[in-house]
Amino acid sequence: MRDRQLVLLRQMLLIRRFEERCVELYSAAKIRGFVHLYIGEEAVAVGVGQALREEDAVVSTYREHGHALARGVPVEAVMAEMFGKATGCSRGRGGSMHLFDAGRRFYGGNAIVAGGLPLAAGLALADRMRGTERVTCCFFGDGAYAEGEFHETANLAALWQLPLLLVCENNLYAMGTSLAREHAQTNLAMRAASYGMPAWTVDGMDVLAVEAAARRAAESVRAGGGPHFLEARTYRFRAHSMYDPDRYRNKDEITRWKTRDPLDGLEATMRATGALDDAVLKQLEEDVTTEIDASVRAAEAAPYEPVSDLLRFVTSTPGRAA
């Protein structure tokens, strides 16, 4: 139990410190473009990630740094992508919103709201047709729930009994629109159940609860139980993106949610059982800082793709058979 909790804590620390470093780098103009931070939601990516196997697939959103790191995409590859360098996981072509690692079956990173849902259904359909026991996990937000792609995907997944785990990260805001202003029925799990799939809600600020719920769902999907839906009720501590002035949320609301910080919660649980003390936490922090520092140095030293490669992966090689 202690070793598993240490793994969970370290992964959440890695994501939190990575995102905080991205704020510094963005402010220093070393990272450009849109950046959507995952601070506050770490328990969802880490908890769900622990319930998945290497052969499973993960489809994500544009707020996917945490998902990629929890999936095992190397910190150096993610940081280099943030810098737009050729050593990035998407060769510097994708940046913050388009992380990708086919070898780890991490299929984005998708800048289109709800855009990953039909892709996840396709991956799950392929696995079902091959007769494998793989699970495809698709992360998306409450904003994506309002899109037609979600409802089309949920309907087909249930109709075809696809091995699909749908994880809705309900952080209460679709950009600047609150859940209550967007959905007449705010119990998203109950609505998902109307498609004929098992669906339930979990505390997205409690990594142990998320892991237990995701493991239960993934095992059922893997055993042929068809698609499952998890609504992880969570909260982002930062604005929607680095460009967002965040004027639509009450400061008291943010403060209240920060008292439920998922890192603090797991630390408190571990300290209560003697599984964590100041020395162990200090070592974890130092290890994570060292790893992130090394990734920044590597990203700064890495090359950009040469202009001669501009059309690489865009057009086919002349004369080569299709």
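These are my notebook entries on the sheet and some helix contacts of a predicted model.

**Entry 1: the sheet**

I began with the strands. I found an open sheet of five strands in the order 1-2-3-7-6, with parallel pairing. Its edge strands are strand 1 (57-59) and strand 6 (199-203), each of which pairs on one side only. I then looked up the twist: neighbouring strands of this sheet are turned by 20 degrees against each other on average, direction ignored. As background, I noted that strands of a sheet pair through backbone hydrogen bonds, either parallel or antiparallel.

**Entry 2: two strand pairs**

I looked at strand 2 (residues 136-141) and strand 3 (residues 164-170), which run parallel and are joined by six bridges. In this pair, Cys 138 stands opposite Leu 166 of strand 3.

Next I went to strand 6 and strand 7 (residues 228-233), which also run parallel. Five bridges join strand 6 to strand 7. Here I found Thr 201 opposite Glu 231 in strand 7.

**Entry 3: the faces of strand 6**

Which side chains of strand 6 are buried, and which are not? I followed the strand and saw the side chains alternate. Trp 200 and Val 202 point to one face and are buried. Ala 199, Thr 201 and Asp 203 point to the other face and are not buried. This fits the general rule that in a regular strand the side chains alternate between the two faces of the sheet.

**Entry 4: helix 1 with helix 2**

I turned to helix 1 (residues 2-27) and helix 2 (residues 42-50), whose axes come within 9 Å and cross at roughly 135 degrees. The two helices are therefore oblique to each other. Their crossing is right-handed. From helix 1 the contact takes Val 7, Leu 8, Gln 11, Met 12, Ile 15 and Arg 16, and from helix 2 it takes Glu 42, Ala 43, Val 46 and Gln 50. Sorted by class, the contact of helix 1 with helix 2 has six nonpolar, two polar and two charged residues.

**Entry 5: Ala 43**

I picked one residue of helix 2, Ala 43, for a closer look. Is Ala 43 buried or exposed? Ala 43 has 0% relative accessibility, so Ala 43 counts as buried. I listed what Ala 43 touches, not counting residues up to four places away in sequence: Met 12, Gly 204, Met 205, Asp 206, Val 207, Val 210 and Pro 262. I also checked Gln 11, which is 32 residues from Ala 43 along the chain. The C-alpha atoms of Ala 43 and Gln 11 are separated by 9.2 Å.

**Entry 6: helix 1 with helix 13**

I went back to helix 1 and looked up its packing with helix 13 (residues 278-301): the angle is about 45 degrees, with the axes 9 Å apart. That makes helix 1 oblique to helix 13. The crossing of helix 1 and helix 13 is right-handed. Among the residues in contact are Leu 6, Leu 13 and Phe 18 of helix 1 and Leu 284, Val 288 and Ile 292 of helix 13. The residues of this contact divide into twelve nonpolar, one polar and eight charged.

**Entry 7: helix 5 with helix 7**

Last, I took helix 5 (residues 116-130) and helix 7 (residues 148-160), whose axes come within 9 Å and cross at roughly 15 degrees. That makes helix 5 roughly parallel to helix 7. The crossing of helix 5 and helix 7 is left-handed. I found Leu 117, Pro 118, Ala 121, Leu 125 and Arg 128 of helix 5 meeting Glu 149, Phe 150, Thr 153 and Trp 160 of helix 7. By class, this contact has six nonpolar, one polar and two charged residues.

Notes:
Residues numbered from 1 in each chain as written. Predicted model: local features only at pLDDT ≥ 70, side-chain atom pairs only at ≥ 80, totals over all residues. Heavy atoms only, no water. Pairing = 2+ DSSP bridges. Helix = DSSP H or I, 4+ residues; strand = E, 2+ residues; numbered from the N terminus. Axes fitted to C-alpha atoms, helices over the stretch in contact; angles between N-to-C directions. Parallel < 35°, antiparallel > 145°, perpendicular 65-115°, else oblique. Left-handed = near helix turned anticlockwise from the far one by under 90°. Contact = heavy atoms within 4.5 Å. Nonpolar A, V, L, I, M, F, W, Y, C, P; charged D, E, K, R; others polar. Buried < 20%, exposed > 50% of the residue type's maximum accessible area, 1.4 Å probe, protein only.
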